[in-house]
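Open your viewer, get the selection box ready, and follow along stop by stop. Each stop gives you something to select and a word on what is there.

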Amino acid sequence: MTTRVTGARLRGSWAVVLLVGLLAWGGALIAASITGDSVLIPLVPLIGSFIVPFSILVWALEYTGRTGSVLTPARLVMGFAAGGVLGLWPAALIEHWLIDLAPALYVVSVAATEEVIKLLIVVLIAVGLGTYRRRDGMILGAVVGLGFAAFESLGYAYATATTLLSVDGAAAAELLLSRALLAPLGHGLWTALVAGALFAAARNGRLRMTGNVWLWLGIAILLHIGWDASAGLAALLVSGILGRDLTWTEFRTGAVPGLMGAEHLLIGTVRFAFLALNATVALWLIARQWRKEPADVEAVPD
């Protein structure tokens, strides 16, 4: 009863957190751009990287509190933190090794490594729950994925902020905000899909890696590959239209030198279309899996 009351009291807090975060981020960006104070520069990527992921974490706390979920606030917060603290450095080490072995499989290596590591973190946080339901798995998976995304974005954003804030505040703002807004459309969705399938496959209070879970892990990896390859695919398509060859480095980075402004805009537009399609597919799959829980409970009562 206490848990449900707490969740009800928190209801709507995520929107307040998001609004206050955006205002704080904007204020920090303006102050850093005007003053050039190096003390403020780390604050801009820190707030920008965590605005959306942390707001969704607060929503998860609200939802689980209202519904009496077995996911306690402590597990959700640990999942969010573990996604970044325990996820990024092993992924970086393994990716470095795999990329040295097979440079041409760079995107595949990154996607497979990160999705497997996030799933392992979900399992670590979920041990001992006893009751496993699809929606709880999806929420925990989203939280772990968003933690990973937040800390990953922080690294990219910090490098951007330190180089751009003193040169082009508008460019820095555009790049940092775009990463913040895109955060929930990637890692959070992909890990939610796999974790939901993992929880749904549990029997007798134990998690199981069934064929269906492996299938969803494969789908998450494919979505991840499509997301990471979007810049290269856009560059490849536009280069083909323009009748020019694309080097492997240009495909991997999505940066094509020697293009005019309109051509760069075209590449950006095509990439956005690829990302939008990727996110639409992931959201559609999330909605379908979310609606399956009543059938799960009816088929396998706790």
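Start by selecting Ala 104, which sits in the loop between α5 and α6. Keep in mind as you look around that this is a predicted model. Ala 104 counts as exposed because its relative accessible area is 62%, over the 50% cut-off. Now add Arg 252 to the selection and draw a distance between the C-alpha atoms: 9.3 Å in space, although 148 residues separate Ala 104 and Arg 252 in sequence.

Zoom out for a moment and colour by secondary structure. You should find 14 helices and zero strands. The chain has 302 residues, and 43% of them are buried. Among contacts with a separation of 6 or more, 77% join residues that are 24 or more positions apart. If you switch on a surface, about 15000 Å² is exposed, and carbon and sulfur atoms supply 69% of that area.

With the surface still on, select Val 85, Leu 86, Trp 89, Leu 93, Ile 94, Trp 97, Leu 101 and Leu 124. Together they form a nonpolar patch on the surface, with about 860 Å² of accessible area. Which helix gives the patch its largest share? Helix α5, residues 88-101, does, with five residues. Leu 101 is in helix α5 too, and its relative accessible area of 58% makes it exposed.

Next, hide the surface and go inside. In soluble globular proteins, nonpolar side chains tend to be buried together. Here the largest nonpolar core has 51 residues, and Leu 76, Phe 80, Val 122, Leu 140 and Phe 199 are those with the most contacts inside it. To see where this core comes from, show α3 (43-67), α4 (73-85), α6 (106-126), α7 (134-164), α9 (187-200), α10 (211-228) and α13 (261-290); each supplies at least two of its residues. Another core, of eight residues, lies apart from the largest one, and includes Trp 25, Leu 29, Ala 32 and Val 52.

Centre the view on Phe 199 and show its neighbours. Leaving aside residues up to four places away in sequence, Phe 199 touches Val 122, Ala 126, Leu 129, Tyr 132, Arg 133, Arg 134, Asp 136, Gly 137, Leu 140 and Leu 207.

Move on to α4. Its buried residues are Arg 75, Leu 76, Gly 79, Phe 80, Ala 82, Gly 83 and Gly 84. A quick geometry check works well on this helix: at 1.5 Å a residue, its 13 residues should span 18 Å, and the end C-alpha atoms are indeed 18 Å apart.

Try the check again on α6. The 21 residues of α6 should span 30 Å at 1.5 Å a residue, and its end C-alpha atoms agree, being 30 Å apart. Just after α6, click on Gly 128, which takes a positive phi of about 90°.

Stay with α6 for the last stop and select Lys 118 and Glu 115. How many salt bridges does the structure hold? There is one, and Lys 118 forms it with Glu 115, the closest N and O atoms being 2.9 Å apart. Both residues lie in helix α6, three residues apart, or about one turn of the helix. Are these partners buried or exposed? Lys 118 counts as buried because its relative accessibility is 0%, and Glu 115, at 2%, is buried as well.

Technical notes: Residues are numbered from 1 along each chain as its sequence is written. This is a predicted model: local features need pLDDT of at least 70, side-chain atom pairs count only at pLDDT 80 or more; totals for chains, interfaces and linings use all residues. Side-chain values use heavy atoms; hydrogens and water are left out. Patches are made of residues with over 30% relative accessible area and no salt bridge: like charges are joined within 9 Å, nonpolar side chains (Val, Leu, Ile, Met, Phe, Trp, Tyr) within 5 Å. Accessible areas come from the Shrake-Rupley method with a 1.4 Å probe; for residues, only the protein chains shown count as cover. A salt bridge is a side-chain nitrogen of Lys or Arg within 4 Å of a carboxyl oxygen of Asp or Glu. Helices (H or I, at least four residues) and strands (E, at least two) are DSSP runs, numbered from the N terminus. Buried means under 20% relative accessible area, exposed over 50%, partly exposed in between (1.4 Å probe, protein chains only). A nonpolar core is a set of buried Ala, Val, Leu, Ile, Met, Phe, Trp, Tyr and Cys residues joined through side-chain atoms within 4.5 Å. Contact means heavy atoms within 4.5 Å. The expected span of a helix is 1.5 Å times one less than its number of residues.
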